[in-house]
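Trainee: Could we go through this protein together? I would like to understand the reasoning behind the words used to describe it.
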Amino acid sequence: MALPALIEDLLAAFPKSKAQTLRGKEIEKFRNHFTAVVGQMILESKNESTREVLGLVRHRASNAVIDVNEGGILSKLGNTVTLGENVKQYAQNPKTGEVIVEGPDRIELPKELIFNSENKIRSDGKGRMAFVHELCHGGIKDEFWADVVAIRAGIRM
C-alpha cells in the first residue's frame, strides 16, 4: 500500500543505512540496464503497437518506486507464492469517466530473493527475472505477455 506523499517526504529526510544505500545503487544500475535493453527492443521492433507498449514499459519502469521487503517471498496463500508485485493507483477522470493510472508504479520485491549478503543483485536468474517481470507490468497487465517480454529482456540482459 502506498504511503501518502507527505509521509514519504518525511521518511526521506532520515539517513539511510549503508546497506540501503548499496541496494539503492544496485536497483538503479539494474533499472538503467533494463530500460536500455527495452529501448533496443523498441528500435528493433517492426510493429507500431509493440513499440508503443514497450515505450510505456520503459517509461513506467524508469519512474517506478522500488520497495524491498524483508524475507524471501512477499506472501503465500495455499499453493500460490508471490515473489513480486507491481501496484498501481488508479483514478477516474471526472470529465470523461476514463480510468487512468495515477502516479508511478510501486514495485515490491523480497530482499532475500533479489539481493545477496553483500547487497548486490543476485547473479542467479530467479530474483532477476522476478524483478524484470514486475518492471514489465508497468505497461502490460496480462501475466502471459508480461512473461514473454520479461523473458526477451532477461535473455538480453
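Mentor: Gladly! Let's begin with a cut-off: a residue is called buried when its relative accessible area is under 20%. Keep in mind as we talk that this is a predicted model.

Trainee: Then why does asparagine 119 count as buried?

Mentor: Its relative accessibility is 14%. The limit is under 20%, so asparagine 119 counts as buried.

Trainee: Where is asparagine 119 found?

Mentor: Look at the loop between helix H4 (111-114) and H5. Asparagine 119 also has a positive phi, about 65 degrees, although it is not a glycine. As for the protein overall, buried residues make up 31% of its 157 residues.

Trainee: What makes H2 oblique to H5?

Mentor: Start with the angle: the axes of helix H2 (residues 18-44) and helix H5 (residues 125-136) cross at roughly 60 degrees and come within 11 Å. Angles under 35 degrees count as roughly parallel, and the roughly perpendicular range is 65 to 115. The crossing angle fits neither class, so H2 is oblique to H5. The crossing of these two helices is right-handed.

Trainee: Which residues make that contact?

Mentor: H2 brings Ile27, Phe30 and Phe34, while H5 brings Arg128, Phe131, Val132, Leu135 and Cys136. Sorted by type, the residues of this contact are seven nonpolar, no polar and one charged.

Trainee: And why is H5 called oblique to H6?

Mentor: H5 and helix H6 (residues 143-156) pack at about 125 degrees, with axes 8 Å apart. Roughly perpendicular ends at 115 and roughly antiparallel needs over 145, so H5 is oblique to H6 as well. This crossing, too, is right-handed. Met129, Val132, His133 and Cys136 are the H5 side of the contact, and the H6 side includes Glu143, Ala146 and Asp147. The whole contact divides into eight nonpolar, two polar and two charged residues.

Trainee: How many helices and strands does the protein have?

Mentor: Six helices and five strands. From the N terminus on, the order is α-α-α-β-β-β-β-β-α-α-α.

Trainee: How do you know that the protein is as compact as a globular protein of its length?

Mentor: Compare two values: the radius of gyration is 16 Å, and the globule rule gives 15 Å for 157 residues. They are close, so the protein is as compact as a globular protein of that length. The C-alpha atoms fill a box of roughly 45 × 40 × 35 Å along the principal axes. Among contacts with a separation of 6 or more, 60% join residues 24 or more positions apart.

Conventions: Residues are numbered from 1 along each chain as its sequence is written. This is a predicted model: local features need pLDDT of at least 70, side-chain atom pairs count only at pLDDT 80 or more; totals for chains, interfaces and linings use all residues. Side-chain values use heavy atoms; hydrogens and water are left out. Axes are lines fitted to C-alpha atoms, for helices over the stretch in contact, and angles run from 0 to 180 degrees between N-to-C directions. Helices (H or I, at least four residues) and strands (E, at least two) are DSSP runs, numbered from the N terminus. A crossing is left-handed if the near helix is turned anticlockwise from the far one by less than a right angle, and right-handed if clockwise. Contact means heavy atoms within 4.5 Å. Ala, Val, Leu, Ile, Met, Phe, Trp, Tyr, Cys and Pro count as nonpolar, Asp, Glu, Lys and Arg as charged, and the others, Gly among them, as polar. The radius of gyration is taken over C-alpha atoms; the globule rule is 2.2 Å times the number of residues to the power 0.38. Buried means under 20% relative accessible area, exposed over 50%, partly exposed in between (1.4 Å probe, protein chains only).
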